[in-house]
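This report describes the fold of the structure shown below. It goes from helix packing to domains, then to local backbone features.

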Amino acid sequence: MQYRLSSSPNVSARSFGDEVVAAHFVNGIYYSLLGSAAQIWDGLMAGVALETIVARMAPLSDADAADFAAAANRLVETLLAEQLIEPAPDAQATAWQPVPGADGPYGLPALERFTDMEDLLQLDPVHDVEEMGWPHANPAPAR
Amino acid sequence: MDLRDLLRAALVETDTRAVARQLPASVFRFGGTTIAIRLDGTPPLQQLMPMIGGRAAAAAHDMVVLDVIGRPLDGHDGLLPPPDLRRRTVLRASSDIYYLWLDEADGYLTAIDRRTRRGLVWFTAVDRIASWHVARPFLHAIKGFSLETPWTPIHAASVAIADKAVLIVGQSGAGKTSIALSCVTQGWSYLGDDAVIVRADPARVGALYSSARLRADTFARFPEIMKACLAVSDDAGEEKAEVDMTLLPAASAAEAEIRAILFPRPGGWGDLHFADMHKSDALRKLMEATRQSMMGDEAAVFAKLSTLVASVPCYHMTASGDPAVLSSGLAKLLD
């Protein structure tokens with residue numbers, strides 16, 4: 001299965017090579033992917049199928065191959081649940097190879113979730129005005 | 001009626017009135033935007049102008065126009081949020097409009113029509129202009145007009161030596177002002193203690209205001225800086241010294257290259273120490289700090305700031321209370 005960044009204008013992400021930050025601006029949640037998770041993200045954004053990514057990544061990890069595949073699948077499921085990525089069955093894969101870990105073999109991939117801004121937004125909600133304009137305020141902004 | 005139509009109608013009226021009354025326009029340059037500002041209201045509005053005096057510029061063919069209203073806008077109350085929302089924050093930021101209502105100063109609206117490149121700032125109770133607005137006037141309008149430029153205002157302090165600057169990022173109380181002013185006492189140029197404007201490629205920081213705001217517990221620490229104190233204000237129950245840095249002999253810089261981004265560790269001061277920081281942490285904290293005071297256009301701001309963070313070293317910092325040690329340590333980051 002192939003994936004791409006969510007097409008929502010409220011989602012952005014940036015890869016810095018060995019780390020990735022993603023953000024969902026409506027709920028204010030930020031995400032960090034380090035190590036093998038950042039590599040998997042870069043592979044997904046290159047349009048490479050998850051199965052291929054796992055096959056190329058597993059030898060770079062000191063984890064059991066089956067465990068690594070299961071963790072990679074969980075990561076993608078979480079990214080989908082958080083609406084950061086979406087399926088892209090027609091994606092054109094570009095050349096991509098994982099970069100070996102600078103500090104040794106990779107561990108299992110994981111997603112860090114930061115809710116500081118979400119908490120602030122809940123304390124002081126911002127009322128967005130919907131596309132049709134004033135005075136229709138969104139009672140609960142769509143994600 | 002669509003918000004865009006309401007805004008355009010209000011802008012037509014403010015323009016017609018400004019022309020009829022021959023209101024003078026003062027022109028300023030903030031980052032990539034030249035703004036002609038016209039004040040329409042009673043004298044309290046004049047207090048918004050001194051802290052942007054250093055950004056005065058010549059009129060430009062591509063300048064935008066901002067009308068600052070300190071009186072009733074008869075027939076345009078529909079531009080304000082419905083009464084049940086006026087105690088809240090109301091935002092609409094899209095490609096054609098930037099609209100931000102804040103429950104400050106008894107109601108304060110910034111509304112920018114990005115298509116016609118005109119906007120207004122409306123103080124619905126002009127005698128309630130807060131010290132925050134005097135120190136950082138038109139910040140949201142500058143943000144609203146900056147979308148199409150490479151620049152974006154951020155919540156940070158900055159000081160420079162010879163066109164090389166550090167950015168100091170953190171929430172209120174993180175020590176931005178104290179670190180910046182400690183450097184100023186050691187000969188650094190001042191760009192800002194709370195709000196500056198940045199771009200990513202090349203990495204540059206620009207001053208917005210000549211103001212600095214000191215908390216009461218730092219008054220004694222900066223006696224030379226306090227000589228430029230205009231007043232001590234009450235900022236939501238907290239005493240703040242309102243300083244105009246142009247009154248000091250220390251140099252102020254208009255713009256400089258960003259050589260490092262620093263994030264003071266919460267919890268105070270100690271031995272000066274810098275620790276490499278994950279870019280993802282730096283971008284998140286920079287976005288969070290800025291988002292709190294300058295809402296909207298998050299995707300565009302994220303794109304600009306992520307490019308900036310990618311190109312500049314970022315550090316956690318424990319600041320030294322010794323200005324000389326602090327200054328020399330920060331100066332090493334400029335090389």
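Helix axes here are lines fitted to C-alpha atoms over the stretch in contact, and the angles between them run from 0 to 180 degrees between N-to-C directions. Helices (H or I, at least four residues) and strands (E, at least two) are DSSP runs, numbered from the N terminus. This is a predicted model, in which local features need pLDDT of at least 70 and side-chain atom pairs count only at pLDDT 80 or more, while totals for chains, interfaces and linings use all residues. Residues are numbered from 1 along each chain as its sequence is written, and chains are lettered from A and ligands numbered from 1 in the order in which they are written.

**Helix packing in chain B**

Helix α4 (residues 176-184) and helix α8 (residues 323-332) of chain B have axes that come within 9 Å and cross at roughly 90°. That crossing makes α4(B) roughly perpendicular to α8(B), a label for angles of 65 to 115 degrees; under 35 is roughly parallel, over 145 roughly antiparallel, and the rest oblique. On the α4(B) side the contact uses B:Ile179, B:Ser182 and B:Cys183, and on the α8(B) side B:Pro323, B:Leu326, B:Ser327 and B:Leu330. Two residues are in contact if their C-beta atoms, placed from the backbone, lie within 7 Å. An α-helix has 3.6 residues a turn, so residues three or four places apart point the same way. Sorted by class, the contact of α4(B) with α8(B) has 5 nonpolar, 2 polar and no charged residues. Nonpolar covers Ala, Val, Leu, Ile, Met, Phe, Trp, Tyr, Cys and Pro; Asp, Glu, Lys and Arg are charged; the others, Gly among them, are polar.

**Chain B as a whole**

Chain B contains 8 helices and 18 strands. For 335 residues, a compact globule would have a radius of gyration near 20 Å, and the 20 Å of chain B agrees with that. The radius is taken over C-alpha atoms, and the globule rule is 2.2 Å times the number of residues to the power 0.38. The C-alpha trace of chain B spans about 60 × 40 × 40 Å along its principal axes. Of its 335 residues, 49% count as buried. A residue is buried if 20 or more other C-beta atoms lie within 10 Å of its own, exposed if 12 or fewer, and partly exposed in between, with C-beta atoms placed from the backbone. Among contacts in chain B between residues at least 6 apart in sequence, 70% join residues at least 24 apart.

**The two domains of chain B**

Chain B is divided into domain 1 (3-146) and domain 2 (152-332), with bounds from an automatic or database domain assignment. Their centres, taken over C-alpha atoms, are 26 Å apart. Domain 1 of chain B gives 21 residues to the contact and domain 2 of chain B gives 24 residues. On the domain 1 side, β4 (89-93), β5 (97-102), α2 (131-135) and α3 (139-146) of chain B each supply at least two residues. The largest share of that side, 5 residues, comes from α3(B). By class, the domain 1 side has 12 nonpolar, 6 polar and 3 charged residues.

**Local backbone features**

Two residues of chain B other than glycine have a positive phi.

| Residue | Phi | Loop in chain B | Other C-beta atoms within 10 Å |
|---|---|---|---|
| B:Gln22 | near 55° | between α1 (3-20) and β1 (25-30) | 6, exposed |
| B:Ala162 | about 50° | between β8 (152-161) and β9 (164-169) | 11, exposed |

A cis peptide bond joins B:Asp201 and B:Pro202, with omega about 10°. B:Pro202 is in the loop between β11 (195-199) and β12 (204-207) of chain B.

B:Glu224 belongs to helix α5 (residues 223-226) of chain B. B:Glu224 is exposed, with 12 other C-beta atoms within 10 Å. From B:Glu224 to B:Thr185 the C-alpha to C-alpha distance is 7.9 Å, although they are 39 residues apart in sequence.

**Chain A**

Chain A has 4 helices and 7 strands, in the order β-β-β-β-α-α-α-β-β-α-β from the N terminus on. Of its 143 residues, 32% are buried. Helix α1 (residues 35-45) of chain A is mostly covered, with 9 of its 11 residues buried; among them are A:Ile40, A:Trp41 and A:Leu44. A:Gly47, which follows α1(A), has a positive phi near 80°.
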